[in-house]
Amino acid sequence: MSDLTAFRQPLPGVLRIEPASACNFKCIHCPTGLGMNPDTGIMTEETFSGILSRIKHLQFRVIVLYHGGEPLLNPRFAEMIKRVRPYTKFIKTVTNGSILTQRRIDEILASDLDLIEVSIDGDSPEENDQIRKNAKCEKIITAVKAIIDTKRRLGLDRPKVNIGNVRIPGSNTNTNLPPDVPEFLKKAFVGYEQDIMFRMYYALVWANMIGSENKIPENNYCDNVVNTITVRHNGDVVPCCYDLTSSMVMGNLLTESLESIWNNDRYLKLRAAIANFQPPAPCQNCLVLYPSRHLKSSEISLV
């Protein structure tokens, strides 16, 4: 593995920026919710401006304003959307929906966002609130409807609205196919079917969330270290969207260029390790390399 030049990559098409690593939920399937995130906070104006200065000459296919926390905790979130628009044609975010007041909805709809995904988990409102501690499912459903109602009133086509639903499988659950849309969500959004896309998942194992299984991976290619770069709220660059705890910091965009970080020694060694079926410990439960690996109910506390 001495010659790493073969693992150099052109600049990625997807940039992820974390408006906030803090979160007001304590989700039982998330490292942030479980208190594993070593540095939670809100991205400052100085940090955000510094990041923009480093990418001002670049264009990205997608910019995602989200990572390990709740992005709407950043009071400048709508302004951040407007300010990244010159660098991409598509802007997306993911939110727990708890702060979607009508004022925040109006700000977001005026900000030129392309897609907002709201997380509602489980098979019922009760299970959602059990998994996503501090959540009130009915309030979040009402907020999603308010986004769509306001879009309709204003005659807007964007942002598109997704509902992301995570289920925690049991030990005998067949996870080869995604779960079906739960009945409670179908009933909750009667009359809104044309305005929502449901995205169904089984819970994944985040980096360093539980001990490694130390098995040879099923795959040796990871698109996250080839086509995506993720910048945390403090400017740290981590290798993928599954590293919520900064277990593998590759550099800091406030002090280094994106180009120098993207093909530095740490990135090249990581890509080489993955290609050689020897991924580092934080990658050893990841469903990208281990597609059959999901977080099971026996591995977390549902109480």
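**Strands, rings and odd backbone spots in a predicted model**

Ile17 has Val231 as its bridge partner in strand E7. Strands (E, at least two residues) and helices (H or I, at least four) are DSSP runs, numbered from the N terminus. The structure is a predicted model, where local features need pLDDT of at least 70 and side-chain atom pairs count only at pLDDT 80 or more, while totals for chains, interfaces and linings use all residues. Residues are numbered from 1 along each chain as its sequence is written, and side-chain values use heavy atoms, with hydrogens and water left out.

Let's stay with strand E1 for a moment. E1 and E7 run parallel and share four bridges; two strands are said to pair if DSSP finds at least two bridges between them. E1 also pairs with strand E2 (residues 62–65), again in the parallel sense and over four bridges. In that pairing, Arg16 sits opposite Val64 of E2. Add helix H1 (residues 45–55), and E1, H1 and E2 together make a right-handed β-α-β unit. Right-handed here means that, with the strands pointing away from the viewer, the path from the first strand over the helix to the second runs clockwise. Within E1 (residues 14–17), Val14 and Arg16 point one way, Leu15 and Ile17 point the other way, and all are buried. Buried stands for under 20% relative accessible area, exposed for over 50%, and partly exposed for anything in between (1.4 Å probe, protein chains only).

What does Ile229 touch, leaving out residues up to four places away in sequence? The list takes in Pro12, Val14, Leu15, Arg16, Val237, Leu258, Trp262 and Tyr267, with contact meaning heavy atoms within 4.5 Å. Ile229 belongs to strand E7 (residues 228–231), and it counts as buried because its relative accessibility is 1%. Its C-alpha atom is 6.5 Å from that of Pro239, ten residues apart along the chain. Trp262, one of the contacts of Ile229, has company of another kind: Arg271 lies over the face of its ring, 4.5 Å from the ring centre. A charge sits over a ring if NZ of Lys or CZ of Arg is within 6 Å of the ring centre and within 35 degrees of the ring normal.

Next come the aromatic rings. The whole structure holds four aromatic pairs. Rings of Phe, Tyr and Trp (its six-membered ring) pair if their centres lie within 6.5 Å, and planes under 30 degrees apart count as stacked, over 60 as edge-to-face and the rest as tilted. Phe189 and Tyr192 make an edge-to-face pair, at 6.5 Å centre to centre and 85° between the planes. Both of these residues are buried. Trp206 and Tyr242 are edge-to-face too, because their planes stand at 70°, with ring centres 5.9 Å apart. This pair ties together distant parts of the chain, 36 residues apart: Trp206 is in the loop between strand E6 (196–202) and helix H7 (224–227), and Tyr242 is in the loop between strand E8 (236–238) and strand E9 (251–252). Trp206 has 17% relative accessibility, so it counts as buried; Tyr242 is buried as well, at 18%. Phe189 and Tyr192 also join Phe198 in one aromatic cluster.

How many disulfides turn up in a search of the whole structure? The search finds zero, a disulfide being a pair of cysteine sulfur atoms within 2.5 Å. For Cys222, the nearest cysteine sulfur is that of Cys286, 5.9 Å away. Cys222 is buried, since its relative accessibility is 8%. For Cys240, the nearest cysteine sulfur belongs to Cys241, at 5.4 Å. Cys240 counts as buried because its relative accessibility is 13%.

Finally, a few spots in the backbone stand out. Most residues other than glycine have a negative phi, and most peptide bonds are trans. Arg158 and Pro159, however, are joined by a cis peptide bond, with omega about 0°. Pro159 lies in the loop between helix H5 (137–154) and strand E5 (160–167). Asn134 is not a glycine, yet its phi is positive, near 90°; this residue is in the loop between H4 and H5. Ser246 likewise has a positive phi, of about 55°, without being a glycine. Its place is in the loop between E8 and E9, and it is partly exposed because its relative accessible area is 22%.
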